[in-house]
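Dear colleague,

I am passing on the structure we spoke about, and below it you will find my notes on what turned up when I went through it. Please read them with the coordinates open beside you.

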Amino acid sequence: MTSTTKDLETQILSSFLLSRASLQDIISLRQFTELFPKDQRSNPQVKLLYRELQLLRNKTCERVKKNIKHEAALGVGQRSELEKKRRALKRVDDETMTAIELFGAAPTEPKLPLKELLKQMSSAVEDLDAEFNTLDGECDKMLEELKSTIGDLSDLRYGKFAASDTDARVVRDLENLHDTCERVLNPPS
C-alpha cells in the first residue's frame with residue numbers, strides 16, 4: 001500500500017512540476033533567437049546561451065525529480081510513524097479503559113462541574129470555528145491567486161496580453177517564480 005501511495009505521490013508531483021518543464025517546451029531556439037535584436041540573431045553566442053540555459057533548466061529539473069523522490073520517501077516514513085503513534089495511543093486507550101472498567105476512575109482525578117465542562121467545550125467549539133473560518137478564507141484567497149496566475153499563464157501561452165510592458169512583467173514574474181522555487185528547493189541551513 002505504501003509503495004502505491006509513494007508511486008502515486010511521485011506521479012502527481014512529477015506530472016504537476018515536471019511536465020512541459022524543459023526549456024524546449026517553454027521556448028524554442030528560434031523563438032529565443034527572435035528575442036534578440038536583428039543584428040545579433042546570427043551571433044553564435046545566442047545559440048550557446050540557449051544551450052547553457054537548457055543545461056541549467058535540465059539540472060533544475062533533475063534536482064526537482066530528486067526532491068520529489070525524497071519527499072515521497074519522507075511521506076511513507078511519516079505515514080508509518082503516524083500509524084505507529086495511532087496504534088500506541090489506541091493501546092494506551094484500551095489499557096486505560098480496561099483499568100477504569102476493573103478499578104473505576106482514579107479518585108485523584110479532578111472532575112469538572114457539568115456547567116464548567118460545557119462552558120469549556122463551547123469555548124473550544126468557538127475557537128475551532130474561528131480557526132476553520134480563517135483557514136477557509138486563506139484557502140479562498142489562495143484559490144483566487146492560483147486562478148489569476150493560471151489565467152495569466154493562459155494569456156501568455158496564447159499571446160493575449162495587451163499591455164506594452166508585458167515582456168518586462170513576464171521576466172519579472174518568472175524571476176520571482178524562480179527565486180521562490182530556489183527558496184523552496186534550497187532552504188537556508
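To begin with one pair of charged side chains, Asp-173 and Arg-172 form a salt bridge in which the closest N and O atoms are 4.0 Å apart. Asp-173 is partly exposed, with a relative accessible area of 41%, and Arg-172 is likewise partly exposed, with a value of 45%. Please keep in mind throughout that this is a predicted model.

As for the other salt bridges, the count for the structure comes to four. Among them is the one between Arg-79 and Glu-9, whose closest N and O atoms lie 3.7 Å apart. Because Arg-79 sits in helix α4 and Glu-9 in helix α1 (residues 2–17), this pair ties together parts of the chain that are 70 residues apart in sequence. Arg-79 counts as partly exposed at 34% relative accessibility, and Glu-9 is also partly exposed, at 21%. Another salt bridge joins the side chains of Arg-30 and Glu-34, at 3.1 Å from N to O; these two residues are four apart in helix α3, and are therefore separated by about one helical turn. Here Arg-30 is exposed, with a relative accessible area of 54%, whereas Glu-34 is partly exposed, with 41%.

Turning to the aromatic side chains, a search of the whole structure finds two aromatic pairs. Phe-32 and Phe-36 make an edge-to-face pair, with 5.3 Å from centre to centre and 75° between the planes. The rings of Phe-32 and Tyr-50 also have their centres 5.3 Å apart, but their planes meet at 50°, so this pair is tilted. Since Phe-32 belongs to helix α3 (residues 29–34) and Tyr-50 to helix α4 (residues 44–103), the tilted pair ties together parts that are 18 residues apart in sequence. Taken together, Phe-32, Phe-36 and Tyr-50 form one aromatic cluster. Within that cluster, Tyr-50 is buried, with a relative accessible area of 2%, and Phe-32 is buried as well, at 9%, while Phe-36 is partly exposed, at 24%.

On the surface, Leu-114, Leu-117, Leu-118 and Met-121 form a nonpolar patch with about 390 Å² of accessible area together. Leu-114, one of its members, is found in helix α5 (residues 114–157) and is exposed, with a relative accessible area of 59%.

What does the cysteine chemistry look like? The structure holds zero disulfides. Cys-61 counts as buried, at 12% relative accessibility, and Cys-139 as partly exposed, at 47%.

Finally, some values for the chain as a whole. There are six helices and zero strands in the chain, and, read along the sequence, the pattern is α-α-α-α-α-α. Of its 189 residues, 10% count as buried, and the accessible surface comes to about 16000 Å², of which 60% belongs to carbon and sulfur atoms. Among the contacts between residues at least 6 apart in sequence, 58% join residues that are at least 24 apart.

With best regards

Note on methods. Residues are numbered from 1 along each chain as its sequence is written. This is a predicted model: local features need pLDDT of at least 70, side-chain atom pairs count only at pLDDT 80 or more; totals for chains, interfaces and linings use all residues. Side-chain values use heavy atoms; hydrogens and water are left out. A disulfide is a pair of cysteine sulfur atoms within 2.5 Å. Buried means under 20% relative accessible area, exposed over 50%, partly exposed in between (1.4 Å probe, protein chains only). Rings of Phe, Tyr and Trp (its six-membered ring) pair if their centres lie within 6.5 Å; planes under 30 degrees apart count as stacked, over 60 as edge-to-face and the rest as tilted. Patches are made of residues with over 30% relative accessible area and no salt bridge: like charges are joined within 9 Å, nonpolar side chains (Val, Leu, Ile, Met, Phe, Trp, Tyr) within 5 Å. Accessible areas come from the Shrake-Rupley method with a 1.4 Å probe; for residues, only the protein chains shown count as cover. Contact means heavy atoms within 4.5 Å.
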